[in-house]
Amino acid sequence: MKAVGSYKALEVNEAEAFLDVEIDKPEATGRDILVEVKAISVNPVDTKVRRRPHPDETLRILGWDAAGVVTAVGDEVSMFNVGDEVYYAGCITKPGSNSEYQLVDERIAAKKPSSLGFADAAALPLTTITAWEALFERLGISKGGKDGGKSILMIGGAGGVGSIAIQLAKKLGNLEIIATASREESADWCKARGADHTINHYEDIPAQLDALGHTNVDYVLCLTNIAGYWKTITDVIKPAGKICTIVDFFKDGNLDLLKPKSATFAFEFMFTRSMHQTDDMDEINALLSETAAMIDSGELVTTTGDVISPINADNIRKVHATIEEGRAIGKYVLEGW
Ligand SMILES: NC(=O)c1ccc[n+]([C@@H]2O[C@H](COP(=O)([O-])OP(=O)(O)OC[C@H]3O[C@@H](n4cnc5c(N)ncnc54)[C@H](OP(=O)(O)O)[C@@H]3O)[C@@H](O)[C@H]2O)c1
């Protein structure tokens, strides 16, 4: 089968960073399903793992977002049948989706929204799992609207995660959403997905919140550069408010700043369940299934920004380069082999 991989940790423009290769098709056993991958999308995590040394220099296949068709099932599979159309992010410790066929544990996959083609479905899983877990599990926001009217500041609103987090926070949480975006097109994208207000992350955030009538906010979801925004976040969070980030802190995170406000801080990492094979791994199937139903009923829209064909080394390299610029709006998807 075709795949795109590399043997070394390399920068995006180095020739061997992306190689078109032929490898054996894997076989489904246990709870794994074998999926014929029809479309993939690329996330910043792909670019981070690509640059991470792998000592044994064996073939590494990136890619943690896919939509495709089940072609075989392991002997313990009970949730899917051959022919089902599925979407999933997969597991960071397993070979990724940049291959014609991929194994994935049934508990972290779901039937794709039937109203979407493979490309639009592939845009969704990784960012949806991240946004869902961050909002409803880490921040504990009620999905039934019990927290309706509370305010959330989302830093980095137009990116892949923000594009779906805005929609989920509005449709299921009924929150007042203040998203940050630094350009007219990224601000328009956030508003089109349900943000009530946009402010510019490169300007004075507390002053812009003040101008909107908010001296502080109930929740902060920081989708980028937490260390850089930490002082601002601790200034604008309400007493007993809640903060979640999906990115690493590095060395500048002084959690003591939260003590006077008794505020809560949480990390979200969407691979936690699959990496640690937690007992509730099938919650990922549940949340992706619920999202698919909301897409099919028109409550949510896909977050596709651009679609490129075919899936090959040249095109994956182009998308990595775009994502590394940090100005993506929505998701970049690749379709067909
Ligand atoms: N923990 C997890 O499970 C998890 C899951 C998914 C992603 N992540 C990580 O979360 C981060 C965001 O992911 P993503 O997919 O949303 O990324 P993305 O799609 O590449 O985000 C692009 C957006 O980031 C905004 N941005 C760039 N620099 C910014 C800054 N200094 N301040 C605020 N916003 C800025 C840009 O907005 P403007 O163009 O308007 O400036 C752009 O729209 C990445 O580091 C990714 O690796 C973690």
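Reader: Which residues come nearest to the ligand?

Author: A residue counts as near a molecule if one of its heavy atoms lies within 4 Å of it. Of the 27 residues around the ligand, the nearest are Lys-48, Ser-182, Arg-183, Ser-186 and Tyr-229. This is a predicted model, where local features need pLDDT of at least 70, side-chain atom pairs count only at pLDDT 80 or more, and totals for chains, interfaces and linings use all residues. Residues are numbered from 1 along each chain as its sequence is written, and side-chain values use heavy atoms, leaving out hydrogens and water.

Reader: How do the residues of the shell divide into nonpolar, polar and charged?

Author: Ala, Val, Leu, Ile, Met, Phe, Trp, Tyr, Cys and Pro count as nonpolar, Asp, Glu, Lys and Arg as charged, and the others, Gly among them, as polar. In the shell around this ligand, 15 residues are nonpolar, nine polar and three charged.

Reader: Which atoms lie close to polar atoms of the ligand, as for Ser-182?

Author: A polar contact is a pair of N or O atoms within 3.5 Å. Ser-182 has a polar side-chain atom 2.6 Å from a ligand oxygen. The side chain of His-201 has an N or O atom 2.8 Å from an oxygen atom of the ligand. For Glu-268, a polar backbone atom is 2.8 Å from a nitrogen atom of the ligand.

Reader: How much of the ligand does the protein bury?

Author: Accessible areas come from the Shrake-Rupley method with a 1.4 Å probe. Taken alone, the ligand exposes 940 Å², and the protein buries 88% of that.

Reader: Where is the cis peptide bond?

Author: Most peptide bonds are trans. The bond from Ser-309 to Pro-310 is cis, with omega near -10 degrees.

Reader: Which residue has a positive phi although it is not a glycine?

Author: Most residues other than glycine have a negative phi. Ala-240 has a positive phi of about 65 degrees.

Terms used
Polar contact = N/O pair within 3.5 Å; in protein donor to acceptor, adjacent residues only side chain to side chain.
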